[in-house]
Amino acid sequence: MNNKPHIISVSRRTDIPAYYSGWFRERLENGYTYYENPVTKKPVYADLSPDCVRAFVFWTRNPKPLFDHLDFIDGRYNKRHYMHFTINGLPVELEERNPKVEFAIDSAKWLSDRYGDHYVQWRFDPIVISSITPDDYIVSRFEYIARNLEGYVKRCYFSYVDLYKKTISNVKKTAEKFNIEFYDYSLNQKIALTNEIKEIALRYGITLYACAEDNLLSAAGVEKAHCVDHDLIALVSGKDFSAKSMPSRIECGCIDSRDIGYYDSCPHGCIYCYANMEPGLALMNAKKYKESGFPFDGMKNIKDEDSPELSLF
């Protein structure tokens, strides 16, 4: 087994801080967890003991439920973590159960006051262009959030929505239900809109990072996103280290990490989400998981030599 400290992503597959923070605390106390390999569907072991965790990268739309556990996490892992926090203010037709923008902004400020302005990586992501979210809506939302986060964040990560195979049907259903038209912008249209929000970001001391949008880097003068970021992890861990690139999709700039979440378990209800096959299924699964835990929670710690699950790996 490789005991080299690893980065734990919490999580790009579901919103653990918002919905499963108690579960996460329990797994930390146990010192390990299992998660599902999305291809083979077999369990994968992750050692969560402090010596084997380089840092945590949190991903959320609502970190508030995690606040009750931060003293424990900080004491056990010496504040080795940072957070990607999505605040974009899209309409309820597109994001059914997301917290209000003002609530999210207050949470981001609280985290920044606790850890510093490097901690919260604001995600204005994805940008969805539609008949109810035209350019002026996007610009207005961005300006409002950026203005209120001035001095509390240094970075904003963004991308334009990608309609994966599993999300096309969800978008189509929403379009028909609410009579919404969705637009696929050309590169020139994306460059123009990106330039507009970049100027706003600069006004408030925020640097714009494009996530898997390399065609915008030189054209719009924005930075390339490395969401699981070597420099940020070196900063919060206090140690430099070597890491290999491990993109999760084309043009992704992330380094290697272990994502401990489960797909189809986030009940936020975002119609474009690649991590859910269908929002209704994710809501149903979330109710089940919150009551009885995730599928592999009962498996023993692989460090126990008597563990019968050793044969799975």
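Modeller: Before we start, one cut-off: helix axes that make an angle under 35 degrees count as roughly parallel. Please also keep in mind that this is a predicted model.

Colleague: Okay, then let's try it on a pair, at what angle do the axes of H5 and H7 cross?

Modeller: The axes of helix H5, residues 135–149, and helix H7, residues 187–203, cross at roughly 15 degrees and come within 10 Å of each other. With the cut-off of 35 degrees in mind, H5 and H7 are therefore roughly parallel to each other.

Colleague: And which hand does the crossing of H5 and H7 have, right or left?

Modeller: The crossing in which H5 passes H7 is right-handed.

Colleague: Which residues of H5 and H7 meet there?

Modeller: From H5 come Asp-135, Ile-138, Val-139, Phe-142, Glu-143 and Ala-146, and they meet Leu-193, Glu-196, Ile-197, Ile-200, Ala-201 and Arg-203 of H7. Sorted by class, this contact of H5 with H7 holds 8 nonpolar and 4 charged residues, with no polar ones.

Colleague: How far apart are the axes of H2 and H3?

Modeller: The axes of H2 and H3 are 11 Å apart, and the two helices pack at an angle of about 30 degrees, which makes H2 roughly parallel to H3. The crossing of H2 and H3 is left-handed. In the contact, Phe-24, Arg-25, Leu-28 and Glu-29 of H2 meet Phe-72, Ile-73, Arg-76 and Tyr-77 of H3, and these residues divide into 5 nonpolar and 3 charged, with no polar ones.

Colleague: H3 also has H4 beside it in my view, so what does the contact of H3 with H4 consist of, by class?

Modeller: Let me give the geometry beforehand: the axes of helix H3, residues 70–77, and helix H4, residues 101–115, come within 14 Å and cross at roughly 30 degrees, and that crossing is right-handed. The residues involved are Leu-70, Asp-71 and Asp-74 of H3, together with Trp-110, Leu-111, Arg-114 and Tyr-115 of H4. By class they come to 4 nonpolar and 3 charged residues, with no polar ones.

Colleague: Switching to the sheet, in what order do the strands run?

Modeller: The open sheet is formed by 8 strands in the order S9-S8-S7-S6-S5-S4-S1-S10, and the pairing is parallel. Strand S9 (223–224) and strand S10 (258–259) stand at the edges with a single partner strand each, so one side of each has no neighbour in the sheet.

Colleague: Over how many bridges do S4 and S5 pair?

Modeller: Strand S4, residues 53–60, pairs with strand S5, residues 81–86, over 5 bridges in the parallel sense, and Trp-59 stands opposite His-84 in S5. Helix H9, residues 230–237, packs on the sheet and touches S1, S4, S5, S6 and S7, with its direction at about 115 degrees to that of S4.

Colleague: What about rings, how many aromatic pairs does the count come to?

Modeller: The count comes to 20 aromatic pairs. One of them is the pair of Tyr-20 and Phe-294, which is tilted, with 4.8 Å centre to centre and 55 degrees between the planes. That pair links distant parts of the chain, 274 residues apart, since Tyr-20 lies in the loop between H1 and H2 and Phe-294 in the segment after H10.

Colleague: Last topic, the backbone: which residues does a cis peptide bond join?

Modeller: Val-10 and Ser-11 are joined by a cis peptide bond with omega about 0 degrees, and Ser-11 is in the loop between S1 and H1. Another cis peptide bond joins Asp-125 and Pro-126, with omega about -5 degrees, and Pro-126 has its place in strand S6. Most peptide bonds are trans, and most residues other than glycine have a negative phi.

Colleague: Which residue has a positive phi although it is not a glycine?

Modeller: Asn-78 does, with a phi of about 55 degrees, and it is found in the loop between H3 and S5.

Terms used: Residues are numbered from 1 along each chain as its sequence is written. This is a predicted model: local features need pLDDT of at least 70, side-chain atom pairs count only at pLDDT 80 or more; totals for chains, interfaces and linings use all residues. Side-chain values use heavy atoms; hydrogens and water are left out. Two strands pair if DSSP finds at least two bridges between them. Helices (H or I, at least four residues) and strands (E, at least two) are DSSP runs, numbered from the N terminus. Contact means heavy atoms within 4.5 Å. Axes are lines fitted to C-alpha atoms, for helices over the stretch in contact, and angles run from 0 to 180 degrees between N-to-C directions. Angles under 35 degrees count as roughly parallel, over 145 as roughly antiparallel, 65 to 115 as roughly perpendicular and the rest as oblique. A crossing is left-handed if the near helix is turned anticlockwise from the far one by less than a right angle, and right-handed if clockwise. Ala, Val, Leu, Ile, Met, Phe, Trp, Tyr, Cys and Pro count as nonpolar, Asp, Glu, Lys and Arg as charged, and the others, Gly among them, as polar. Rings of Phe, Tyr and Trp (its six-membered ring) pair if their centres lie within 6.5 Å; planes under 30 degrees apart count as stacked, over 60 as edge-to-face and the rest as tilted.
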